[in-house]
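Subject: Structure for your review

Dear colleague,

Please find the structure below, handed over for your own work. My notes on what was found in it follow directly after.

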Protein chains: 2
Amino acid sequence: MDDIDSAIVRELQRDARQTNRDLARTLGIAPSTCLERVRALRQRGVITGYRATVDLGALGRPVQALLSVRIRPMSREVIEGFKAYLIGLPEVLNVYVVAGGDDFLVHVAVPEVDDLHSLLMDRFSGRREVVDFRSSVIYQHVTKDVVGPLVAG
Amino acid sequence: MDDIDSAIVRELQRDARQTNRDLARTLGIAPSTCLERVRALRQRGVITGYRATVDLGALGRPVQALLSVRIRPMSREVIEGFKAYLIGLPEVLNVYVVAGGDDFLVHVAVPEVDDLHSLLMDRFSGRREVVDFRSSVIYQHVTKDVVGPLVAG
DNA sequence: GGGACTCGCCGAACGAAATTCGGCGCGTGC
DNA sequence: GCACGCGCCGAATTTCGTTCGGCGAGTCCC
């Protein structure tokens, strides 16, 4: 995990479909060497995959929200079961299991604001483990495209 | 945006580096046709980019948290300024600007739990617009890898 | 109802890229 | 100082991306 590996990770986060030759050229190394390092990063689990990012608006789901959910009891079975249930819902984008006041934070995307209400009523309020929930509409969501190691504390 | 386009989007979210030939084969269309459709999806803005996903633990940042922040005043300048400030912080992964009790939800990743405290003290508590904040350690974070259009309300 | 036009798909051809592999240089350890 | 090992390189081979001409179906207009 030297500087070249960091640069590879950075570049592939920026554009995962750039050719190996281009990547090697920007790094100043041979394509074969670059390929070898990329494969090593993949095998070591540093790079976990390559994903296309989509515009949710273009997919007809422009409205996003964060749902805070409290569940009881906080047993492993209930938590895992509820988490699996959430992942199965097509509206769900991310599930955060958190410490603190809330137990789950669920990132969802739906076509309209009304669908948020339907989602909560039809998919959450009926479940026995859910003791409380609250929804916050997301005005803006910015994802940092490139993530690297922290340089200095 | 027919079934084939949806399948392309789904497949490229699953693996953005699969070859165009493989993609065409799974869809049952010619590689040239597939290439054309992928380009169209890209140009229409449905596919916004291709990113490598990394393991934050392998990058030395295994501890994640969600920071809830309230700021005042809620003017456009203050919000945009604070958002830009957050994006500039290397610890930050995502920034959600939300309605409701909190104004910002900040997803961060740091090497150790202690770094959370340092981050809050050094980067948040000193800023004038920040009136309140709270941190929740993330026990688990599951991202749905493939996002598609909603089929039935 | 028929003809022409348009749009999207296909398949071959060409250029470029991925991948492999043998060899070389440098650093390390003995 | 010598031998070993690791990583990098560059050419060769295979595979892939990309272009382009043609074809068929569907449509619109006459």
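I begin with DNA strand D: at least two residues of the surface near it come from each of three elements, namely helix 3 (31-43) of chain A, helix 2 (20-27) of chain B and helix 3 (31-44) of chain B. Please bear in mind throughout that this is a predicted model.

The two DNA strands

Helix 3 of chain A gives the largest share of the surface near DNA strand D, with 4 residues. From chain A, the residues surrounding strand D are A:I29, A:A30, A:S32, A:T33, A:E36 and A:R37. Chain B contributes B:T19, B:N20, B:R21, B:P31, B:S32 and B:L35 to the surroundings of strand D. Sorted by class, this surface holds 4 nonpolar, 5 polar and 3 charged residues.

DNA strand C is surrounded by A:T19, A:N20, A:R21, A:P31, A:S32 and A:L35 on the side of chain A, and by B:I29, B:A30, B:S32, B:T33, B:E36 and B:R37 on the side of chain B. Two or more of these residues come from each of helix 2 (20-27) of chain A, helix 3 of chain A and helix 3 of chain B. Here the largest share, 4 residues, belongs to helix 3 of chain B. The surface near strand C divides into 4 nonpolar, 5 polar and 3 charged residues.

Relation between the protein chains

Chain A is superposed on chain B by a rotation of 180° with 0.0 Å of shift along the axis, at an RMSD of 0.1 Å. This is the relation of a two-fold axis. The same surface serves both copies, since 100% of the contact residues of chain A recur in chain B. The residue of chain A that comes closest to the rotation axis is A:R51, with its C-alpha at 2.7 Å.

The protein interface

Between the two chains, 52 residues of chain A are in contact with 52 residues of chain B. On the chain A side, at least two residues each are supplied by helix 1 (3-14), strand 1 (47-54), helix 4 (76-88), strand 3 (92-98) and strand 5 (130-143). That side comprises 29 nonpolar, 13 polar and 10 charged residues. Strand pairing also links the chains: strand 3 of chain A and strand 5 (residues 130-143) of chain B pair in the antiparallel sense over 5 bridges. Within this strand 5 of chain B, B:V142 is the bridge partner of A:V95.

The fold of chain A

Chain A has 5 helices and 5 strands, which follow the pattern α-α-α-β-β-α-β-β-α-β along the sequence. Its radius of gyration is 20 Å, well over the 15 Å given by the globule rule for 153 residues, so chain A is more spread out than a compact globule. The C-alpha trace of chain A spans about 60 × 35 × 30 Å along its principal axes. Buried residues account for 31% of the 153 residues in chain A. Of the contacts in chain A with a separation of 6 or more, 61% are between residues 24 or more positions apart.

One residue in detail

A:D132 lies in strand 5 of chain A. With 13 other C-beta atoms within 10 Å, A:D132 is partly exposed. A:D132 and A:S68 are 64 residues apart in sequence, yet their C-alpha atoms are 8.2 Å apart in space.

With kind regards

Notes:
Residues numbered from 1 in each chain as written. Chains lettered and ligands numbered in written order. Predicted model: local features only at pLDDT ≥ 70, side-chain atom pairs only at ≥ 80, totals over all residues. Near = placed C-beta within 6 Å. Nonpolar A, V, L, I, M, F, W, Y, C, P; charged D, E, K, R; others polar. Contact = placed C-beta atoms within 7 Å. Pairing = 2+ DSSP bridges. Rg over C-alpha atoms; globule rule 2.2 N^0.38 Å. Buried ≥ 20, exposed ≤ 12 C-beta atoms within 10 Å, placed from the backbone. Least-squares fit on C-alpha atoms with pLDDT ≥ 70 in both.
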